[in-house]
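Dear colleague,

I am handing over the structure below, which you have not worked with before. Please look it over first, and then read on for what was found in it.

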Amino acid sequence: MAESISLNLISGRTIQQGVAMEGGKSKQPYTEACGIIEMDPEDLKRLGIYRNTHVRVTSDYGSVVVKAVEATQGPHPGLAFIPMGVWANAVVNPNTYGVGMPTFKGTPIQVSPAANEPVLSSIELVQMLVKE
Amino acid sequence: MAKTVTDVTCPFCGSLCDDIEVQVSDDGTKVLEVFNACAIGAAKFLHTAAKDRVTRPRMRQEDGSYKEVSYDEAIEYTAHMFVNSKKPLMYGWSNTNCEAQSVGHEIAEATGGIVDNTATVCHGPSLIAIQDVGIPSCTLGEIKNRADVVLFWGCNPAHAHPRHLSKYSIFPRGFFTGKGHKGRKMIVVDPRNTDTMKLADVPLQLEQGRDYELLSAFRVAIRGEELPEKVAGIPREKIYEAVEVMKNGRFGVIFFGMGVTQSLGKNHNIDNAIMVTKDMNEYTKFAIIAMRGHYNVTGSGQVMGWQWGFPFATDLSRGFARYNPGETTSNDLLRRREVDAIMVFASDPGSHFPISSVREIAKIPSVAVVPDINPTTEISKLHVPVAVNAIETGGCCYRMDNVPIDARKVVEPPEGMLTDLEFLTRVRDRIAELKAQAPAGVRASAEAVGA
Amino acid sequence: MAEYLIRNGFVFDPVSGVNGDRKDIAVKDGKIVESVSPSAKVFDAAGKTVMAGAVEIHAHIAGPKVNEGRNYRPEDKLFNAASGVGGMRTTGGFSIPTTFKTGYNYAKMGYTTAIEAAMPPLYARHVHEEIRDTPIIDEGALPVFGNNWFVLEYLKNRELENTAAYISWLLRASKGYGVKVVNPGGTEAWGWGLNCLTVNDPVPYFDITPAQIVRGLIEANEYLGLPHSMHIHANNLGNPGNYTTTLDTFRLAEGFKANNRFGREQTMHHTHVQFHSYGGDTWGNFESKSDEIIDYVNTHPNLTIDTGNVTLDETTTMTADGPFEHHLTELNHLKWANVDVELETAAGIVPYVYSPDIKVCAIQWAIGLELGLLAKDPMRCFITTDHPNAGPFTRYPRIIKWLMSKEAREERLNTFKHAEKVIGATLLHGIDREITFYELAQMTRAGPAKALGLKDVYGGLAPGMEADIAVYDINPESPFTPDQLEEAFSAAALVIKTGLPVVENGVVINNGNKRTLWVDAKVNENPQVMRDVEEKFLKYYSVTLNNYEVQGHHYIPNPYAIQVDATQ
């Protein structure tokens with residue numbers, strides 16, 4: 001059990017993200033589909049948390065609270081996945097290194113338990129973050 | 001009695017399926033049922049029936065709340081925003097038709113705008129790679145009719161292009177592929193054991209971000225040269241096995257996605273994937289296709305191409321078309337605070353740009369022209385809701401293999417709602433009026449800048 | 001509509017047989033007329049050359065491969081992008097200019113009609129979207145048939161009527177102008193990475209030869225009575241020694257008679273013949289065989305050709321001859337793009353630098369000019385660059401200079417790095433002929449218009465024809481230098497398109513009212529072909545049949561449909 005663990009973050013599409021997005025990004029199912037981090041069971045164990053608990057994800061570029069779920073497309077120990085959306089983009093490496101494309105895949109993150117912190121909706125989250 | 005519209009195109013992903021059937025209410029206003037579509041496509045069609053949809057423009061007030069305004073007011077605000085801006089960014093364009101893209105380009109020429117499409121966070125690196133090394137490719141029907149080796153690299157069609165496997169690439173029986181998936185070998189490369197990889201004959205779960213190394217190893221193996229024991233976490237035997245499968249095919253194809261474009265290396269990863277394809281043509285027939293995300297992001301690149309010569313990130317601020325990814329790309333412009341206004345059109349950077357770029361959007365005059373509420377509309381000064389393209393209005397769209405299909409209108413938009421093409425056309429005409437009214441001195445200096 | 005009078009120019013019009021006489025040309029309601037009222041606007045053309053608007057018979061200017069060329073070559077826009085002035089659009093590009101620049105550049109040179117040379121039917125919408133955005137010039141597009149599965153199957157079974165019915169259906173579905181054939185059979189073979197290099201190489205699986213495809217399509221073309229003939233790019237393009245394949249291809253047209261109501265006399269148009277007139281068997285002993293080729297053309301009035309002149313520029317090659325482009329990228333190692341199109345065709349793109357320092361390039365340059373100079377009948381030999389393959393169309397004025405001035409081409413020939421070897425491998429040095437203004441009008445106006453079945457519409461200045469007129473600032477009766485010729489043909493003093501002034505003093509002043517040409521050929525109902533079409537779409541195409549046909553206001557806002565009735 002650790003206070004926080006280091007993982008490598010990638011983001012991308014899931015079919016749940018797609019369906020929920022087309023259903024409306026201001027709706028609760030969208031938060032449920034995207035306000036998550038998919039972690040390998042081994043990493044959940046290392047962090048000492050149960051599935052479906054909230055965690056705080058922090059990188060050099062920001063911080064966000066999401067729900068930790070067990071990876072459905074694993075195993076991938078050491079790798080974490082947040083579906084594309086505001087939650088992932090709160091922490092991804094925005095540098096394009098001169099080609100226009102932010103580095104959406106391969107951001108080093110720290111994950112720590114945050115059981116009592118809420119997962120915000122996409123709208124709440126973006127409105128809060130742009131004020132920072 | 002409901003009526004059914006057939007041969008409908010699906011406005012979700014770049015597969016641009018055109019065999020959707022939609023049952024609509026008798027009065028032609030509601031989508032009742034959707035057939036043949038994937039879960040995401042069906043959700044998009046059915047969402048047009050949502051009762052709580054916003055149908056009139058909304059302007060952000062000082063206290064952060066939004067107040068309904070008329071389309072006329074929205075057009076006025078948008079036209080003035082463009083006229084007063086020295087360097088407006090016009091971002092998005094992938095969830096609309098080519099007609100609207102074309103009118104947007106007229107506005108960019110008139111106001112010195114920068115037009116960038118969602119490829120900038122999707123297949124932009126692929127477009128750069130194609131400029132470096134070309135692209136041997138083919139249409140999706142060629143895959144269906146000929147391909148017996150299919151390689152998915154850094155893409156997960158089971159989630160992102162749900163009907164791709166059944167309609168084009170793995171399962172269909174074509175002219176020379178009568179056995180369907182039984183006659184096809186499937187290779188999947190990904191850092192996760194994705195739902196696509198679970199179907200593969202040769203799964204290769206590589207270390208994240210090591211695509212360039214693994215692609216190089218493929219090129220070495222194709223030439224029959226020695227490999228180190230492991231590359232990118234993959235034992236060399238597996239690499240030789242994959243290459244053997246590829247060489248034994250009569251017609252092979254590589255599909256690739258964000259796994260390669262968004263990982264470090266970016267365009268160079270694609271360079272190498274294309275060179276693998278070119279090398280393979282020494283031994284058999286091989287093609288490579290980018291798994292384009294939005295249903296008409298390809299169309300935006302095409303219209304920009306024939307009107308300006310570049311597939312994305314085109315800067316008209318000097319009066320003529322310039323292209324320099326890294327400089328004229330949206331995220332670089334926003335992060336460097338180089339634009340003084342933004343129109344977001346048919347897309348959602350609020351969700352899909354890194355937060356540092358989104359903060360800049362929130363600071364400058366901004367208009368979001370999208371059908372419904374999303375994180376972009378809720379940080380923009382003005383939200384202009386419009387009819388949903390390819391459902392509530394038709395128009396030309398380009399599939400991921402650049403095949404153009406004319407989308408059908410399925411239902412009427414909510415009463416009084418404009419299409420994005422109508423909105424944009426009125427903004428264009430209003431800008432022309434405002435420019436003509438400008439005092440002569442102002443106009444002359446503006447033209448000098450433009451010239 | 002306004003009236004115009006172009007007064008007192010030196011008129012060259014093969015259609016009415018006028019050879020440099022000082023004449024007035026009157027325009028009313030978009031047509032050439034005998035006379036106009038005194039209120040007509042007068043353009044003084046004294047001391048200037050007056051011709052009909054020129055007709056481009058073969059150029060790749062719109063569609064998927066042209067656009068791929070634009071998008072994958074940002075370097076082609078370096079130092080030539082310009083903003084739009086006075087209502088004109090932004091422009092850019094050299095060998096593959098944007099659509100706006102394409103229209104403007106043609107108009108500037110006095111070209112008012114053009115044919116896009118290869119339209120993949122599945123991509124017809126794209127071709128038409130670009131045509132729509134190409135201002136001023138009237139444009140049609142030739143769909144490709146020579147590797148189409150329907151055609152291969154019908155011709156294998158010698159089903160003429162079905163072939164014709166399918167052509168009629170596809171012309172309507174794609175809004176196409178005529179029957180184009182590119183590397184017959186070879187491009188289908190390319191689906192498996194193979195090729196057909198002679199007219200007798202069997203096509204894999206389909207069990208048919210290029211010769212059968214070509215003869216079958218000529219027969220079907222004449223059965224329908226289309227305005228244009230079968231238009232071919234033969235097998236074995238670009239290879240040393242390929243002139244024999246070209247002669248074999250020419251011979252396939254023997255025995256057919258032109259059948260149409262448009263005054264067209266040829267049954268085969270062979271395009272960019274320069275690329276098909278090579279002797280030798282390696283790049284080392286590569287040489288011109290233009291004499292053998294042109295001897296055949298001169299003695300066979302059932303043939304027309306265009307030249308495909310190499311302009312000695314850096315350009316972007318693109319063709320539906322997929323295997324050729326792969327061959328080319330293996331030679332020059334520049335970036336290769338390829339698209340194979342299901343059931344229909346393929347295309348490839350590779351940049352190419354025609355360097356005057358490379359012997360082969362200089363020989364190619366000479367061959368193109370030899371064809372133009374050795375052709376006895378300028379009504380059957382047209383100037384093209386197979387734009388952008390042998391060079392951009394904007395070099396027409398330079399080619400005109402070389403054709404009209406022995407001095408100019410000798411200067412070029414003698415300053416090649418390998419001048420002696422080039423002279424040894426070609427005939428050009430021994431040719432004294434200089435093309436006259438009248439012959440030029442035949443090669444660029446009256447000739448191509450007639451070959452396209454448009455002799456009563458374009459390419460001439462007879463009353464009743466379209467008022468497409470170009471006035472050049474060159475006096476044919478005064479001495480001029482070769483460079484003055486090039487300059488005059490680069491920027492016309494005046495261009496009128498369908499009665500509307502679009503260029504004045506070399507500057508484009510109007511976006512015109514461009515039209516899209518297509519051929520609506522009616523045949524008797526053919527249930528078998530319709531059944532075959534439905535079956536192929538159900539089983540093998542990746543789009544539905546109902547989403548295939550190009551229609552509607554968006555794609556062809558201003559159509560010019562030519563009616564053909566083959567129901568009898």
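To begin inside chain B of this predicted model, strand E18 (residues 341–345) is largely enclosed by the rest of the structure, because five of its five residues are buried. That burial concerns both faces of E18(B), with Ala341(B), Met343(B) and Phe345(B) covered on one side and Ile342(B) and Val344(B) covered on the other.

The neighbours of this strand in chain B can also be named. Strand E6 (residues 88–92) of chain B runs parallel to E18(B) and is joined to it by five bridges, and within this pairing Gly92(B) stands opposite Phe345(B). Strand E19 (residues 366–369) of chain B likewise runs parallel to E18(B), here through four bridges, with Ile342(B) standing opposite Ser366(B) of E19(B).

Turning to the place where two chains meet, the contact between chain A and chain B draws on 43 residues of chain A and 54 residues of chain B. On the side of chain A that touches chain B, at least two residues each come from strand E1 (5–12), helix H1 (15–23), strand E5 (79–83), helix H4 (86–89) and helix H5 (122–131) of chain A, and the largest share, six residues, is supplied by H5(A). By residue type, this side of chain A comprises 19 nonpolar, 20 polar and four charged residues.

As for confidence, the model scores ipTM 0.97 and pTM 0.97, while chain C has a mean pLDDT of 97, with 100% of its residues reaching 70 or more.

With best regards

Notes:
Residues numbered from 1 in each chain as written. Chains lettered and ligands numbered in written order. Predicted model: local features only at pLDDT ≥ 70, side-chain atom pairs only at ≥ 80, totals over all residues. Contact = placed C-beta atoms within 7 Å. Nonpolar A, V, L, I, M, F, W, Y, C, P; charged D, E, K, R; others polar. pLDDT = per-residue confidence, 0-100. Buried ≥ 20, exposed ≤ 12 C-beta atoms within 10 Å, placed from the backbone. Pairing = 2+ DSSP bridges.
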